[in-house]
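Got your viewer open and ready? Let's take a walk through this structure, one selection at a time.

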Amino acid sequence: MAAAQAQVWVSSVMHVRCPDRLPEEVFRQVLEQCAELSPTVQALPPSAALVELKGVLRYHDADARRLGEVLRVRTLSRLGVDLRIGVGPTITIAATASSLIGAPGGVLAVDPGRVHDWLGPLPVEALHGIGPKQAAVLRDYGVHCVGLLAALPPATVQRLLGGKAGRIAADRARGIDPRPVAPRTLPASVSVRHAFVQHTLDGAQVRGALLDLVVRLGLQLRRRGQVARGLTLSLRSPAAPRGRRPAACRRPPRTRTTCAPWPTGSSMPPVCSAAG
């Protein structure tokens, strides 16, 4: 029984924090480097990840802290990205450890036997999962560190922070976090970027482009055996008056042709005259 508990209570969870505003392509490459150490990698977009090392410690013949240092060296040499890596027996301990590492990066591993001594002096807002509003409420009641939060009865913490939130905070202050690392990758990117060049066109160029578009469309419909019906395009000049068409666009007046009657016994054709 003791051997089984010792096997479970081991620092095997690695919380990886990348620099802020890391491009998505580089973040995917960091996840690939994590997958080289363990197949159980949970992506936490936009710039964090969880790695479960419990099943690969014997394969690599190294502890979790050593694997964290290997990951940091690989990403720094291959990608130029320095990571902040926290190692602990649970997700809360590992994430809290990675948040305490300053720039540019480093590895902080918490031994399972020193979890309570390590968490106790930390300020209450440093515990992973405690937000600013919850920390303000706890400080108003004199709970300034994680040790005092762990010493409170869970029912008291629930009255201060609410039912579910208080129960979770009380458990995490005691180092209890049963959540497993669930393998999850980033979804395939579907974003398409295209830079459009801005052009400045005058009215004549715009009308010419539209007319060319209509002609091309008509040719395509004719080739397909379709008839373009109801396709109308107004290319009125901005300077043209609205009430009367320009003289160049007016239709010529209709003419009426009259012919004189054919003379009786004449071989000449009649004389036709056009009248307006």
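## A stop in the loop

Select Pro46 to begin: you'll find this residue in the loop between strand 2 and strand 3. Keep in mind as you look around that this is a predicted model. Now add Pro45 to the selection. The peptide bond joining Pro45 and Pro46 is cis, with omega at about 10 degrees.

There's another cis bond to visit. Jump to Ala103 and Pro104, where the peptide bond running from Ala103 to Pro104 is cis too, and omega is near 5 degrees. Where does Pro104 sit? Look in the loop between helix 5 (91-99) and strand 5 (106-109).

## Zooming out

Next, show the whole protein chain as a cartoon. How many helices and strands are there in the chain? You should be able to trace eleven helices and seven strands. The chain has 276 residues, and buried ones make up 30% of them.

If your viewer can draw contacts, try that now. Take the contacts with a separation of 6 or more: 53% of them are between residues 24 or more positions apart. Then switch on the surface. The chain's accessible surface comes to about 18700 Å², and carbon and sulfur atoms account for 56% of that.

## Strand 1 and its partners

Hide the surface again and select strand 1, residues 13-17. Is this strand mostly enclosed or open? Four of its five residues are buried, so strand 1 is largely enclosed by the rest of the structure.

Now bring in the neighbours it pairs with. On strand 3 (48-52), five bridges hold an antiparallel pairing with strand 1. To see one spot in that pairing, pick Val16, which stands opposite Ala49 in strand 3.

Then colour strand 4, residues 84-88: this strand also runs antiparallel to strand 1, and five bridges join the two. Click on Arg17 and look across to strand 4, where its bridge partner is Arg84.

## Around helix 2

Move on to helix 2, residues 24-35. This helix has twelve residues and reaches 17 Å from its first C-alpha to its last, close to the 16 Å expected at 1.5 Å a residue.

Which residues of helix 2 are buried? Select Phe27, Val30, Leu31, Gln33 and Cys34. Look down the axis and you'll see why they belong together: they cover an arc of only 155 degrees, which puts them on the same side of helix 2. Turn the helix over, and the face pointing away from that buried side carries the exposed residues Glu25 and Glu32.

What covers the buried residues? Display strand 1, strand 2 (41-44), strand 3 and helix 4 (64-78), which are among the elements that do the covering.

## Two positive phi angles

For the last leg, select Arg21, in the loop between strand 1 and helix 2. Arg21 isn't a glycine, yet its phi is positive, at about 55 degrees. Is Arg21 buried or exposed? Its relative accessibility is 85%, so Arg21 counts as exposed.

Finish at Asp61, in the loop between helix 3 (57-60) and helix 4. Here is another residue other than glycine with a positive phi, near 55 degrees. Asp61 is exposed as well, with a relative accessible area of 70%.

Key. Residues are numbered from 1 along each chain as its sequence is written. This is a predicted model: local features need pLDDT of at least 70, side-chain atom pairs count only at pLDDT 80 or more; totals for chains, interfaces and linings use all residues. Side-chain values use heavy atoms; hydrogens and water are left out. The expected span of a helix is 1.5 Å times one less than its number of residues. Buried means under 20% relative accessible area, exposed over 50%, partly exposed in between (1.4 Å probe, protein chains only). The arc is that of the directions from the helix axis to the C-beta atoms. Contact means heavy atoms within 4.5 Å. Accessible areas come from the Shrake-Rupley method with a 1.4 Å probe; for residues, only the protein chains shown count as cover. Two strands pair if DSSP finds at least two bridges between them.
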